[in-house]
Amino acid sequence: MTVRSGRLRMALAAGVIVLAAPGYAQAPGEPAPVAPKPAAPRPAAHAPSNNSSPAKASKPAAPVAASPAARPGVEPDLAYGAYQRGYFLTAFAEATRRVDEKGDPRAMTLLGELYSSGVGIPQDDVKAVEWYRLAAERGDRDAMFALALFNMTGRGGLHDRGEAARLFAEAAKLGQSAAAYDLGLLYLEGQQFPQDFGRAAELFRSAAQAGSPEAEYALATLYKDGRGVEKNEAEAARLLAAAALAENPDAEVEYAIALYNGTGVAKDEVRATALFHRAALRGSPIAQNRLARIYTIGRGAAANPVEAVKWHLIAKAGGNSDPYLDKFAADQTEEVREAAQKAARPWLAVLPPKS
């Protein structure tokens with residue numbers, strides 16, 4: 001499970017759950033926008049080494065934000081282009097040039113990302129914060145989002161959840177969908193803001209419309225339970241299907257359950273089983289447990305005691321116990337149990353021990 005999906009589940013368990021597109025209405029308690037500040041001296045940068053080939057360091061999953069698309073008469077963003085190709089030292093040099101010559105806040109954000117990730121140059125959270133702040137003061141939404149995350153996680157000497165909430169809200173107003181999603185989680189937790197399921201639903205909806213699988217899953221959960229929105233199982237299933245298509249692991253499991261039971265969508269046990277299998281292979285104990293049960297009854301897939309016991313052993317090792325499957329396994333022949341244990345052994349060898 002991802003960190004964010006875990007946070008979502010904790011928020012829901014606490015009785016709470018958000019994201020926004022540009023221009024959403026400000027709600028009571030949300031901080032007011034901050035006007036960009038004039039140019040300021042840039043922080044000193046570490047001098048990178050020679051850059052004749054792509055840096056050897058592993059490339060992060062993605063920069064804080066993608067490079068703006070090239071338009072006629074607009075200089076292409078060579079810094080982000082180099083970053084995305086893994087030429088981190090070239091990206092550093094080009095971003096530094098853009099800061100020196102143009103005071104470009106996007107280049108400042110990229111420098112912050114390079115220092116934050118430690119690719120091509122030494123990792124330095126303090127310098128990352130300096131660059132992110134300069135860019136945020138000039139209105140860059142991705143720098144605001146990065147600073148908010150630093151405040152939430154205590155990086156770079158930052159540890160102010162109130163400031164994190166303010167920055168999430170500012171970035172979300174400027175269309176930063178991940179910031180809006182995290183802002184929504186804060187509304188679910190009900191700490192920085194009063195708990196507000198309706199507001200969370202608005203923000204998640206905006207994020208979902210921007211293509212966020214996490215927000216689609218979160219909004220589906222609200223529709224499924226009727227919190228902040230009118231209960232609508234069909235809409236919940238539609239959102240789960242979209243998030244599952246984007247390979248959100250929690251959505252895959254929840255959509256498979258909806259398909260198997262015919263909740264909000266036409267019943268399709270075979271398709272549901274395929275989704276359970278995919279999620280099980282990705283390590284979901286819930287999917288592994290459901291798959292084991294399917295193999296015991298033979299609905300959605302042919303009954304297979306060896307596979308049933310194998311997936312039960314794997315799910316149980318991952319923390320998903322099931323007395324029904326314990327009894328099913330105990331009732332099998334010694335030959336079936338040994339075959340299942342042999343098939344499960346590679347999984348059990350790599351699963352972390354339960355606390």
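This report walks through the helices, core, charged pairs and a few single residues of a predicted model.

## The overall picture

Let's start with the whole chain. DSSP assigns 17 helices and 0 strands, and 47% of the 355 residues count as buried. The exposed surface comes to about 16500 Å², with carbon and sulfur atoms supplying 55% of that area.

## The nonpolar core

The largest nonpolar core holds 95 residues. Within this core, the residues with the most contacts are L110, L114, F168, L183, F204 and F276. Helix α8 gives the core its largest share, 9 residues.

L114 is a good place to zoom in. Setting aside neighbours within four places in sequence, L114 is in contact with Y83, F88, A91, F92, V119 and I121.

## A closer look at helix α9

Helix α9 covers residues 197-209, which makes 13 residues. From its first C-alpha to its last, α9 reaches 18 Å, close to the 18 Å expected at 1.5 Å a residue. The buried residues of α9 are F197, R199, A200, A201, L203, F204, S206, A207 and A208. One of these, F204, is also listed among the residues with the most contacts inside the largest nonpolar core. The cover over the buried residues of α9 includes α8 (177-189) and α10 (213-225).

Both ends of this helix have something to show. At the N-terminal end, D196 acts as a cap, with a side-chain oxygen 3.1 Å from the backbone nitrogen of G198. Just after α9, G211 takes a positive phi of about 95°.

## Charged pairs

Side chains of opposite charge can pair when their charged atoms come close. In this model the count comes to 22 salt bridges. Three of them are described here, followed by a network.

The pair E101 and R97 sits within a single helix, α3 (residues 88-102). The two residues are 4 apart, about one turn of the helix, and their closest N and O atoms are 2.6 Å apart. How exposed is E101? With a relative accessible area of 54%, E101 is exposed, because the cut-off for that class is over 50%. R97, at 26% relative accessibility, counts as partly exposed.

## Salt bridges between helices

R161 and E189 meet through their side chains in a salt bridge of 2.9 Å, N to O. R161 lies in helix α7 (residues 161-173) and E189 in helix α8, so this pair ties together parts that are 28 residues apart in sequence. Both partners count as partly exposed, R161 at 28% relative accessibility and E189 at 25%.

E254 forms a salt bridge with K224, and the closest N and O atoms are 3.1 Å apart. E254 belongs to helix α12 (residues 249-261) and K224 to helix α10, so the pair links parts that are 30 residues apart in sequence. Is E254 buried or exposed? E254 is buried, because its relative accessible area of 19% falls under the 20% cut-off. Its partner K224 is partly exposed, with a relative accessible area of 41%. Elsewhere, salt bridges that share partners join E247, E252, R278 and R282 into one network.

## A buried lysine

K310 is another charged residue to look up in the structure, in helix α15 (residues 305-317). Its relative accessible area is 11%, so K310 counts as buried. Which residues is K310 in contact with, leaving aside its neighbours within four places in sequence? The contacts are A340, A343 and A344.

## A glycine in a loop

G156 is found in the loop between α6 (141-153) and α7. At 25% relative accessibility, G156 counts as partly exposed. Not counting residues up to four places away in sequence, G156 touches D125, V129 and F150.

G156 can also be placed against A128, which is 28 residues away along the chain. The C-alpha atoms of G156 and A128 are separated by 7.7 Å.

Methods: Residues are numbered from 1 along each chain as its sequence is written. This is a predicted model: local features need pLDDT of at least 70, side-chain atom pairs count only at pLDDT 80 or more; totals for chains, interfaces and linings use all residues. Side-chain values use heavy atoms; hydrogens and water are left out. The expected span of a helix is 1.5 Å times one less than its number of residues. Buried means under 20% relative accessible area, exposed over 50%, partly exposed in between (1.4 Å probe, protein chains only). Contact means heavy atoms within 4.5 Å. A polar contact is a pair of N or O atoms within 3.5 Å; within protein, one must be able to donate a hydrogen and the other to accept it, and residues adjacent in sequence count only if both atoms are side-chain atoms. A salt bridge is a side-chain nitrogen of Lys or Arg within 4 Å of a carboxyl oxygen of Asp or Glu. A nonpolar core is a set of buried Ala, Val, Leu, Ile, Met, Phe, Trp, Tyr and Cys residues joined through side-chain atoms within 4.5 Å. Accessible areas come from the Shrake-Rupley method with a 1.4 Å probe; for residues, only the protein chains shown count as cover.
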